[in-house]
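Biologist: Please show me the model, and then I will ask how its labels are justified.

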Amino acid sequence: MKTASGIIIYEGAEARVEVRLERETVWLSLQQLAELFGRDKSVISRHLKNIFATGELEREAVVAKNATTAADGKTYLVDYYNLDAIISIGYRVNSVRATRFRQWATRVLREHLTRGFTLNRQRFERNAAELEAALQLVRKAAAGEALTAEQGRGLVDVIARYTQTFLWLQRYDEGLLTAPAGSPGGVLPALDEARAAIARLKADLMARGDASDLFGRERGDAFAAILGNLEQTVFGEPAYPSIETKAAHLLYFVIKNHPFSDGNKRTGAFLFVDFLARNGRLLRNGEPIINDVGLAALALLVAESDAKNKDVMIRLIENMLALPGGREEG
């Protein structure tokens, strides 16, 4: 068994599956269920439909949606099913496999709840040293000709200011650090309100010759879907429960999912700042939580990041926004 960022590897005689460990249970997607039990997804879906139709399980109690980045780099909401649903399917498909998986899952959950994760100090120190070396390279690159002096200073400021955050995120990547508690809530703009704000931004930029008519032009329903996803609930609770996590995902989704024909980075940064301002989190001690140059550098960092590093980028932004000590404003 190996762990990485809340992912547990189940290796049985018949299957090897990456299993999510969250909310004191384990979760599998429809595709993973098909792999675990050696059946087509259509067969698994039919069993699930029957399980819910007969009242054996309540769908709302055993299904959760999770934002997952696909091979095309886009983020989709995928249904995940917990251990109760997995076992119910297993009894209908192959009880031997279900029994083996149940035994394994019970052992994993018990270890998780009673022992927690073990800190590998040697590995952490080695990774921290590698990170420090990487930061030196970033500082050197920022001083070169590839970036303007202002952009270089902005990038170095972001990296250097949040060196400790990167170290925390390394620990998080090893399954040793949770996201900051954050401040609950966060009011998102209504779709029409957001569109009107983007239209005003577009008009201002076009008047200055800094944007074309393609700026802010929506591609299908992609932008509406992003705002809708951020308002999703899981088991009656917000899927994105804090100001920090809403802001981080708003910036990431707009930049990476390309909901507009042009200007995704600028629009993402604009909506990010607008969201923080409407929720009273743009300033800290009278100073902007992030200046304009730092925001530009952060947007570029998100745009250039690999989709597989989405969780790291989200945690970085959340930690940048979190109040000192994880306390809430009040």
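Modeller: The accessible surface of the chain comes to about 17,400 Å², and 50% of that belongs to carbon and sulfur atoms. Areas come from the Shrake-Rupley method with a 1.4 Å probe, and for residues only the protein chains shown count as cover. This is a predicted model: local features need pLDDT of at least 70, side-chain atom pairs count only at pLDDT 80 or more, and totals for chains, interfaces and linings use all residues. Residues are numbered from 1 along each chain as its sequence is written, and side-chain values use heavy atoms, leaving out hydrogens and water.

Biologist: Why is K256 said to have no salt bridge?

Modeller: A salt bridge needs a side-chain nitrogen of Lys or Arg within 4 Å of a carboxyl oxygen of Asp or Glu. The nearest side chain of opposite charge, D306, is 7.1 Å away, so K256 has none. K256 is nevertheless buried, meaning under 20% relative accessible area.

Biologist: What makes the approach of the K256 side chain to the backbone oxygen of S305 a polar contact?

Modeller: The limit is 3.5 Å between N or O atoms, and within protein one must be able to donate a hydrogen and the other to accept it. The distance to S305 is 2.6 Å, and the backbone oxygen of A303 lies 3.3 Å from a polar atom of the same side chain. Both values are within 3.5 Å, so both pass the distance limit.

Biologist: How do you know that strand β4 is mostly covered?

Modeller: In β4 (residues 25-29), 5 of its 5 residues are buried. T25, W27 and S29 lie on one side, with V26 and L28 on the other.

Note on methods: Buried means under 20% relative accessible area, exposed over 50%, partly exposed in between (1.4 Å probe, protein chains only). Lys and Arg count as positive and Asp and Glu as negative; His and the chain ends are not counted. Helices (H or I, at least four residues) and strands (E, at least two) are DSSP runs, numbered from the N terminus.
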